[in-house]
Amino acid sequence: MKKKFEMTAIVAVLVLTAFSLMLSACGESDPPENHPEITGFTFTAASGLQVGKSNVAQGAVAGTFSAPEGGTSPFEYSLVSGTGSTDNASFVIGTGDDANKLLVGPSPLTTAKQYSVLVEIADAYNKVFEKICTFTVAAAQTGDEEHIVDFTFTPITGLQVGNANVAAGATIGAFSNPDGGTAPYTYTLVTGTGDTDNGLLTISGTDLKVGATALTAKTYSVYVQVKDTNDVTFAKACIFTVTEEEGGDENNITGFTFTPTADLQVGNDNVGPMKSMGTFSNAVGGTPAYSYSLVSGEGDTDNDLFNILDNTNLWVKSSALTEAREYSVRVQVKDANDVTFAKACTFTVAAEDDPRVDAIVLVDNTWSDSNTIEYVGYDTYEWYKFTPPSDGDYYFHAIITDGYLTSASLRLEKTDRTLVNYESGAWASGSPYKYTLTGGEDYYLGLNLYYVSSSTYTLNIAVNTRADPPLTSDIIASANETNHEWGRSANEAWKTPQTITYTDADSYTWYTFMTNAAGTYYIHGYTTEGKLAKPVLRKPDGTVIDIADNTQWFDTSRDPLLYPQYCKYDGLEANATYYLGLRAYDASSIPATNRLVISTKDYPPLLQEIWDEGVGDDPLTLGTYSSQITLQPGGIKKWCTFTTAEAGMYVLNRIGASLSDIRICRYDGKVIDIELAGGGSDLSPFVPESGLEANTTYFVSFGLSQYSTEAATVQVAVSRATELTAGEWSDDVTISTGNAPASFSFTPETAGTWYLNLDRSAGTGTLDKYTVKSTTGMTGIMWPVRDTAGRGIIAYNLTAGQTYYASFQLTGAGNVTFKTAFMPQFIANGESLAGTLSSGAWTPEASTSSATHYKWYKFTTGSSGNYYFHINVSDGALDEPVMLSSSLNTISWDASPWPTSISSGTTVYGKAYLSAGGTYYLGVRAATDSVDTTYKIAVNQSDTPPAE
């Protein structure tokens, strides 16, 4: 034996010398950068760490470092300063066999909390990697029935075939140090995982003894239970090995210890690839150093699933363990003298404790009850189960009361644990997660906080086939349903005013309504204070109804009858329930006082108070001015009613204060669009764009100008506008004291100059002014009537297809009967254009017998200057002639010698200064009706008439 040892030593020296030379050479040819970096390692915290227990006492193992990723063996662990090193001072790294363990430092751990240390791993080439390692120490348990979490089994050393310590009745080992519970304790053999050899051994007090038959060489396993005085129990497998009988003079190896990793379970990360199933240590006999390897032989059933790395750990290869059973490998230990010992090493992987069994079941398109999510561990989830009814895209929605979840805290699995990847979405930004799922297949949604946190998040989950979530039960329960009480006509009654506040951008006050028929619906809003955002309309299943493009919603306080505002929704279903959400405009908005109505029309109904007020007032009598109405500043409107007798165009006139915000609407709220057809005078008609209906009641609204600061009075009148036919006289119209102006409408078919004629036939009152307005220009010129006796004519340049309005007003007491016409020619009915005057020449003799209508002569000037118009009457008598410009303005006579009546046998003239290039009209008529008058006319620039 001695010679063999000497030879072995010599060989070892040679090998070491060669290895040293190799390392020396590597210093230049194989530098550190040619070796892999360290990318990670595993930290496994000890189980059951709890204040007051021995596992947190000074020197106790708080956790184990293993599975270095990358780098080059050997490895060394150390505590370093930096982020995460909060509790480094409370711990140390072990030495020797404990060099891969984190030990409790100078004093026991007495605080229940999460501990954090910063650990560095370094390899043979001084490549390093840092990692924050965390674990939790639980609070001390209280009460009489404290849980038992562990106990110690210590086999005696030197268990070997042929020794007395394995004979029948011999003591194999002892149980001690129960962790938890209340003394005294009792140990018994019980049935369970690891009870393989229970029948060969017995327990006496705290000793494990050989039964009736001596033990042979192998590894034995018994399942032992400890029970305390309160019948609290804990059980585990206890393992020991009996080695072969020692022979010869050699220093044989008689055994070693295999310590399985605790809590191995299918589905857990601790049975995944590159995870340690246990450690080898405490070789008995032989000569250090020892090495361990997998070998063939009895118990090698699962050798192909594992590797031995770092000469310490049994590692899982590339595939996770998925079977819940006992695994067996045959392991050989070899010492420095190549002396070996082999035995079967076993450990058990428990069945998966599937937390999905108690998953909360999600129903399509329905919110779950509230559930609390808290951080328990990185791989611990709260589970929800969903079975889609058909293939397609599904959206998972969440309402989170506190905090937020991210994609890193969400996991969707099939029954076989296959991970389903989401296609889009992020709850943190308010979007639902979208998945493509197979109908009829079960899916499990797991949620976990993304990181360790003291917060617990409460949330509700829903899943449907849309990005819009279904309505929540509290929204459905709180929705105001009084809109079912519709008023005068279906679907059209204003709600009672309600205050709408702003909580956040997603919080609404909800209303519900049911449609009568399919079609388009309008949501009308009336906000008297504050400001509203646009509404949102949804079905109970969460479908959002899009607002039509031609929606008119001003997000502001507006009188709905003066400034109609609504949201339009096309294609609503018949007899369907819808939910309408309103909120104040933004966080800075004051609470909004709002009324609401749902209608099938794009105009709202009259407010009840307008209806009541309008009906209660004395209605306007068509064609007659009202009594004085006092108007207040500040936008306060006055409502009056009138009822038409026949269809057509109507005009609103006023005397007194200037008016604004004038609207005409029907009893059902239909606003009649109008145009301001004038302003600045007492006679300012406001004209509807389209005619009013016959036998219909209308409401007219008006107030003071927005610039008014004091109250003012006004009289208003509504009158029927008689439609004029081009080139035809109207019927006679009589205006008496107190009547509104007589109004006429005219729409020319052709553009150009049109002449408005006035022909007064009777009465004692005075028509002293009139106005002509259009509905587009909204401007006009006030003209005095030329002839207070009742005759008049004015020229206008009109646009084809545009409607114009003429109004004539009586000044003072009395009455006037007259008729009017728009003529395309200069001369009205009964009058004529007798000819053209040429300078310096007499016209042929002409005659007239009308004292009502003029005969007209046209004259065009060549240069500016004084012109003399000469008239010779040979029979009868003429009135004083009149001179008009081309725009029909009256030209005054300059120092005219005209007599009031030009008698027979006289020649007289009138002098007037005329502009160059101008067109002028001279009008003459008989002084007395039915008396023939014969005359001739000449014009020159001298007070002497031209020669005959």
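A residue is counted as buried when its relative accessible area is under 20%. In the predicted model described here, Gln332 has a relative accessibility of 18% and is therefore classed as buried. Gln332 belongs to strand β20, which spans residues 326-334. Leaving aside residues up to four places away in sequence, the contacts of Gln332 comprise Ser291, Tyr292, Ser293 and Val295, together with Thr340, Phe341 and Ala342.

An open sheet is built from 4 strands, arranged in the order β57-β59-β65-β62, with mixed pairing. Its edges are formed by β57 (832-836) and β62 (882-885), each of which pairs on one side only. From one strand to the next, the twist averages 30 degrees. At one of these edges, β62 is joined to β65 (residues 919-924) in the antiparallel sense, over 4 bridges. Within this strand pair, Met883 has Leu922 of β65 as its bridge partner.

Confidence in the prediction was also examined. The average pLDDT of the protein is 83, and 86% of the residues reach a score of at least 70. Two segments with pLDDT under 50 may be noted. Residues 1-29 remain under 50 throughout, and the model gives this segment 8 contacts beyond four places in sequence. Residues 677-683 likewise stay under 50, with 26 contacts beyond four places in sequence. Where pLDDT is low, the predicted coordinates should not be interpreted in detail.

Definitions and conventions:
Residues are numbered from 1 along each chain as its sequence is written. This is a predicted model: local features need pLDDT of at least 70, side-chain atom pairs count only at pLDDT 80 or more; totals for chains, interfaces and linings use all residues. Side-chain values use heavy atoms; hydrogens and water are left out. pLDDT is the predictor's confidence in each residue, from 0 to 100. Contact means heavy atoms within 4.5 Å. Two strands pair if DSSP finds at least two bridges between them. Helices (H or I, at least four residues) and strands (E, at least two) are DSSP runs, numbered from the N terminus. Axes are lines fitted to C-alpha atoms, for helices over the stretch in contact, and angles run from 0 to 180 degrees between N-to-C directions. Buried means under 20% relative accessible area, exposed over 50%, partly exposed in between (1.4 Å probe, protein chains only).
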